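Open the model in your viewer and keep the selection panel at hand. The tour goes stop by stop, with something to select at each one.

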Amino acid sequence: QAVVARARPNPSGDVWITERGLNGFALRIYRSGRKAYVLKYQQGTRRPKVTIGEPGAPWRPDPVTGAARVLTPELARDEAIRLLGGLIEGREPAAQRGQRGGMPTLAEFVGAPKFDGRYFRDHADKHKSARTAAGDRSNLRVHLLPALGSRPLDRITVSDVVRLHASMSSTPVTANRCVALLSGILGKARTWEVLPQSHVNPCRGDSVERFEEGRHERFLQPDELARVGLAMRGQLPIIGSKPESDFACAALVLIMLTGARPGEIAGFRREWLNRLAGIGVMPRSKTSKRTGKPRVIVFNAPALAVYDDIPEVPGNPYLIPSPKMRAKPMSIYTLEAAWERVRAAAGVEDVRLVDLRHTFASVAIGEVGETLVMIQTLLSHTNPATTLRYAHLARGPQHAASERVATAIAGALKPKG
């Protein structure tokens, strides 16, 4: 313990203090001043090393009394012996770290670089959409791991998170998503008792003030809808048009006609359509993962007419098939690329793919006069607050209803005769 306390960093490189009684066990002093107990071992021609933990870091409770403990040289040495014993039995020490070892780093917990760690294996890949999980991996790879990947989970501080968040001020939405992702990862680590229950999440809203995000509310206007229709029918030039554009254009129209999410239309299987009832029942979707219920898409008469015009591809069960992969649906990225060509031709380049779904809602409320409750049902919003973004569009129907009510009251107020 005295040796650990006296150890000092060297600006020219890391310092290693080895244990003569246990080959491979050492104290590593980084140039930054950080200290960690490390185990090096022989694995064929490789000489891997595993970080056991930092001096004084929280350690697993005493197996007899259950008392809380911190990592001491003795406990670190015992852990090194345990890991080496597992190596004799054929268990890789690096793999054992996720079972009973000390505090894993952020990179270890998410299983970088393959991202096959417990967070993805037991949570993200099971409870998030494939696209959201892919976004998590991207944000980890590009932003979180370069800054915090080598940091043990319990050593990620509020200052670390604030510094990272501030450095991403030029991309406020991504910055906020990264903090939310890190918060979720640390929350799961606490739930799974990787982190102690006393751990305070450094990503809390009162600790890290999120950037303001400009709300993107964009809907296709009637004249823009007409130009989009012309572009998809080939009456406007679509630069770089590809053979799969017929399927992609059909998908774009179905998004507008049903209000379904782009991923729901792209991944819709023909067997899910109940033509008699006029509905498509998806057993798995973004909504079903939250509610536990299947997602129901209403296929109205115009949508069914588009559905009937889409040719079936032998051996592919999907309504919108992949142009390259047999028995696979068109990827959302291919669909987005097709929409980029259409919107460029139509001159509506600030309209995103998801705005086609918003267009359905805007027409339903602003022109048809449907209620917010009905829109919430049709768009499968689990949170009513999500639907309220369209409330301002109901001004026309509200005024018409108010006019009818007031006219009736005014008539009753007039003296008869």
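Which residues are buried in helix α5 (residues 118-127)? Select Tyr119, Phe120, His123 and Ala124: these are the buried ones. Look down the axis of α5. The four cover an arc of only 120°, so they sit on the same side of the helix. An α-helix has 3.6 residues a turn, so residues three or four places apart point the same way. Now show what covers that side. The cover includes α4 (106-110), α6 and α8.

**Zoom out**

This is a predicted model. Colour the chain by secondary structure: there are 18 helices and nine strands. Of the 417 residues in the chain, 40% are buried. Take the contacts between residues at least 6 apart in sequence: 55% of them join residues at least 24 apart.

**Helix α7**

Select residues 158-167, which form helix α7. Asp160, Val161, Leu164 and His165 are buried here. Seen down the axis, they fall within an arc of 125° and therefore line one face of α7. What do the buried residues of α7 pack against? Show α6 (130-148) and α8 (172-191), their packing partners. Then turn to the other side of α7, where Arg163 and Ser167 are exposed.

**Arg151**

Step back to the loop between α6 and α7 and select Arg151. Is Arg151 buried or partly exposed? Its relative accessibility is 26%, so Arg151 counts as partly exposed. Leave out residues up to four places away in sequence, and Arg151 touches Thr105, Leu106, Ile156 and Asp160. Asp160 is also one of the buried residues of α7. Put a distance label between the C-alpha atoms of Arg151 and Thr105. It should read 5.1 Å, for two residues 46 apart in sequence.

**Gly33**

Go to the loop between β2 (25-29) and β3 (35-40) and pick Gly33. Gly33 has 30% relative accessibility, so this residue counts as partly exposed. Add Asp14 to the selection. Gly33 and Asp14 are 19 residues apart along the chain, and their C-alpha atoms are separated by 9.1 Å.

**Helix α9 with α10**

Two packed helices are described by the angle between their axes and the distance between the axes. Select α9 (residues 222-232) and α10 (residues 245-258). Their angle is about 155°, with the axes 10 Å apart. An angle over 145 degrees counts as roughly antiparallel, and so α9 is roughly antiparallel to α10. The crossing is left-handed. Show side chains at the contact. From α9 come Leu225, Val228 and Met232; from α10 come Cys249, Leu252, Val253 and Met256. By class, this contact has seven nonpolar residues, no polar and no charged ones.

**Helix α9 with α14**

Keep α9 and add helix α14 (residues 332-346). At what angle do α9 and α14 pack? The angle is about 120°, and the axes are 8 Å apart. That makes α9 oblique to α14. This crossing is right-handed. On the α9 side, select Arg227, Val228, Ala231 and Met232. On the α14 side, select Trp339, Val342, Ala345 and Ala346. The classes here are seven nonpolar, no polar and one charged.

Last stop: highlight Val228 and Met232 of α9. Both take part in the contact with α10, and both take part in the contact with α14.

Methods:
Residues are numbered from 1 along each chain as its sequence is written. This is a predicted model: local features need pLDDT of at least 70, side-chain atom pairs count only at pLDDT 80 or more; totals for chains, interfaces and linings use all residues. Side-chain values use heavy atoms; hydrogens and water are left out. Axes are lines fitted to C-alpha atoms, for helices over the stretch in contact, and angles run from 0 to 180 degrees between N-to-C directions. Helices (H or I, at least four residues) and strands (E, at least two) are DSSP runs, numbered from the N terminus. Angles under 35 degrees count as roughly parallel, over 145 as roughly antiparallel, 65 to 115 as roughly perpendicular and the rest as oblique. A crossing is left-handed if the near helix is turned anticlockwise from the far one by less than a right angle, and right-handed if clockwise. Contact means heavy atoms within 4.5 Å. Ala, Val, Leu, Ile, Met, Phe, Trp, Tyr, Cys and Pro count as nonpolar, Asp, Glu, Lys and Arg as charged, and the others, Gly among them, as polar. Buried means under 20% relative accessible area, exposed over 50%, partly exposed in between (1.4 Å probe, protein chains only). The arc is that of the directions from the helix axis to the C-beta atoms.
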